[in-house]
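Student: I am new to this structure and would love a close look at one part of it. Could you walk me through the aromatic rings and how they sit beside each other?

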Amino acid sequence: MKEIHLLGKLRSFLILTALLHSCFSYSQQHLNSFKSPDDFWQKVQFGGGIGLSFGSGYSDISLSPSAIYNINETLAIGLSLQGGYISSKNYYKSYTYGGSILGLINPIPEIQLSAEIEQIRVNTKYNYNFQNGISDNFWNTALYLGVGYRSNNVTIGVRYDVLHDENKSIYSEAFMPFVRVYF
């Protein structure tokens, strides 16, 4: 009986030793993967978007800088900021600001799949000939899933907001075309 109990303890000790050895050997490998701070910045790309639209009494201006970190040739993660101004003369003025977190997967070099969670603050003041006007201020959340064709640093595609609600979303459609450029 003592021999069985002793064998159980020995087996537990060997398993624990093997697990600890594999954890420490993995952590040593991971710690040495960055040789200098320059290694990190060589994997970072900057880009974003600029939007300008003008019409008869209508203006739409947006700026959206972003940065991604290329984990490897297939996977990248990033952050984006967004700010915008929309005005329709005698009707409303709207300011938007916020940010997003995105993930990019390139299963093959020409195809890019994306997922992006976006949180935008919307501040709108309506001017329907009221003395003080009416304002509407709220947060809008969107979760985009997208697919695009990639050539070098440029990706052209379409994304779909799976959280889109036509009564609450700041965008009129769930599908949106996009162009991404990273340098």
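Tutor: Here is a tour of the ring pairs, followed by the charges that sit over rings. This is a predicted model, in which local features need pLDDT of at least 70 and side-chain atom pairs count only at pLDDT 80 or more, while totals for chains, interfaces and linings use all residues. Residues are numbered from 1 along each chain as its sequence is written, and side-chain values use heavy atoms, with hydrogens and water left out.

Rings of Phe, Tyr and Trp (its six-membered ring) pair if their centres lie within 6.5 Å; planes under 30 degrees apart are stacked, over 60 edge-to-face, and the rest tilted. By this rule there are six aromatic pairs. In one of them, the planes of Phe40 and Trp41 meet at 85° with centres 5.0 Å apart, so the pair is edge-to-face. Phe40 is partly exposed at 33% relative accessible area, and Trp41 is exposed at 52% (buried is under 20%, exposed over 50%, partly exposed in between, with a 1.4 Å probe and protein chains only). Ring pairs also join Phe40, Trp41 and Tyr69 into a cluster.

Tyr92 and Tyr126 make a tilted pair, 6.2 Å between centres and 55° between planes. This pair links distant parts of the chain, 34 residues apart: Tyr92 belongs to strand E4 (residues 92-108) and Tyr126 to strand E5 (residues 111-126). Strands are DSSP runs of at least two residues, numbered from the N terminus. Tyr92 is partly exposed at 24%, and Tyr126 is partly exposed at 25%.

Finally, the charged end of Arg159 sits over the ring of Tyr144, 3.7 Å from its centre; for Arg, this takes CZ within 6 Å of the ring centre and within 35 degrees of the ring normal. Arg180 lies over the face of Phe178, 4.1 Å from the ring centre.

Notes
Helix = DSSP H or I, 4+ residues; strand = E, 2+ residues; numbered from the N terminus.
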